[in-house]
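Visitor: Could you walk me through this one? I'd like to start with how you name things.
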Amino acid sequence: MTDRVTTPVLDVRGLRRHFPAPSGSVRAVDGVSLTIGPGEVVGLVGESGSGKSTVGRCVVRLDTPTGGEVVIDGTDVTSLSARQMRPLRKKVHLVFQDPSSSLNPRMTIRQIIAEPLRLHGLASRAEASARVDELLRQVGLRPELADRTPHQLSGGQRQRVSIARALSVEPALLVADEPTSALDVSVQASVLNLLADLQKDRGFGCLFITHDLAAVEYLADRIAVMYLGRIVEQAPAGELFADPKHPYTQALLSAAPVPDPRAGRERIVLGGDLPSPLDPPPGCHFHTRCPLATDRCRTEAPELRVLPAAEPGGAPREVACHLVGEDGKAPDARAAA
Ligand SMILES: Nc1ncnc2c1ncn2[C@@H]1O[C@H](COP(=O)(O)OP(=O)(O)OP(=O)(O)O)[C@@H](O)[C@H]1O
């Protein structure tokens with residue numbers, strides 16, 4: 001196996017993003033570590049305000065971390081200037097939540113999709129034009145749309161254009177931040193299917209940020225669960241849904257629609273709101289809402305620990321909870337709730 005094959009497309013270590021505020025600092029991201037292998041899809045889930053988008057923005061360097069490291073395809077980009085970052089921009093692209101605000105309304109679709117190719121000097125004008133036609137077909141749009149402007153397209157078509165633009169330079173990593181949440185429910189599934197098909201065909205790594213648990217179960221190989229700026233659990237997608245270990249993950253998944261009603265999952269209703277990242281609770285951040293919290297949880301922050309794989313040779317999983325045993329045996333928040 002060559003080094004190229006084993007180098008992760010994304011290696012985030014101890015990432016922090018604290019925003020200064022008049023009465024302290026907002027710890028939006030507070031020590032996140034995450035790895036994505038080539039061709040791997042990692043879902044990042046958690047309540048609104050848990051820090052998911054801030055992680056995504058730091059990865060694509062739309063935001064600058066206040067601590068930790070971001071390594072993209074083997075290059076540490078944490079402290080690169082905008083100029084130094086430019087050649088690396090083709091390795092990682094972001095698909096935003098709302099395509100209406102991320103596409104320049106004065107440019108044609110052809111100009112929008114060709115822009116990254118032009119910025120990176122990857123194609124002549126004629127080559128870029130042919131490539132745009134091909135990309136439009138790949139995202140399920142007719143090449144005739146190339147001469148229109150974004151406002152002449154539907155929301156779903158605009159998001160397909162954003163995806164075509166992001167993929168025009170064949171990135172190693174795509175960060176998709178709630179790529180379907182601004183779309184009509186009727187087109188959400190087709191855009192998700194498109195992303196899944198393109199990912200399988202092209203094999204790019206993907207950080208998929210979402211609230212949509214059904215979508216993440218469908219798309220992700222692995223899922224990381226965030227709570228108040230930290231990852232509290234990471235596991236292969238199937239294992240996380242079948243056997244969530246962290247009481248927060250149990251509560252989050254209990255609210256997801258169950259495809260098979262016979263599997264009936266009892267809902268765990270969490271008390272209170274997500275605490276403020278301006279003044280996070282001491283110890284385990286989740287203790288204020290956890291039905292199982294003990295004195296230790298209120299004072300000592302649990303580390304993210306590696307648990308034994310479910311099967312020999314299986315992928316390891318990680319959890320940050322004092323109540324999960326070394327053997328991976330987890331308490332049931334449902335019983336206590
Ligand atoms: N520029 C900023 N200045 C101050 N606080 C910020 C800034 N950006 C984000 N935050 C705060 O950081 C926390 C995390 O925000 P973030 O948008 O990353 O969460 P999220 O999990 O992506 O939420 P959502 O799912 O609603 O997008 C929130 O409390 C938010 O208010």
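Guide: Helices (H or I, at least four residues) and strands (E, at least two) are DSSP runs, numbered from the N terminus. Residues are numbered from 1 along each chain as its sequence is written. This is a predicted model, where local features need pLDDT of at least 70 and side-chain atom pairs count only at pLDDT 80 or more, while totals for chains, interfaces and linings use all residues.

Visitor: OK, what comes just after α8?
Guide: G203 follows α8, and its phi is positive, at about 70 degrees.

Visitor: And which residues of α8 are buried?
Guide: V191, L192, L195, L198 and Q199 are buried in α8, where buried means that 20 or more other C-beta atoms, placed from the backbone, lie within 10 Å of a residue's own, and exposed means 12 or fewer. Around the axis of α8 these buried residues fall within an arc of 130 degrees (taken from the directions from the helix axis to the C-beta atoms), so they line one face of the helix. On the other side of α8, S186, K200 and D201 are exposed.

Visitor: Switching topic, which residues are around the ligand?
Guide: They are F19, V26, A28, G46, S48, G49, S50, G51, K52, S53, T54 and P277, counted when the C-beta atom, placed from the backbone, lies within 6 Å of the molecule. Two elements, β2 (24–36) and α2 (52–59), give two or more residues to this shell.

Visitor: Which gives the most?
Guide: That is α2, with three residues.
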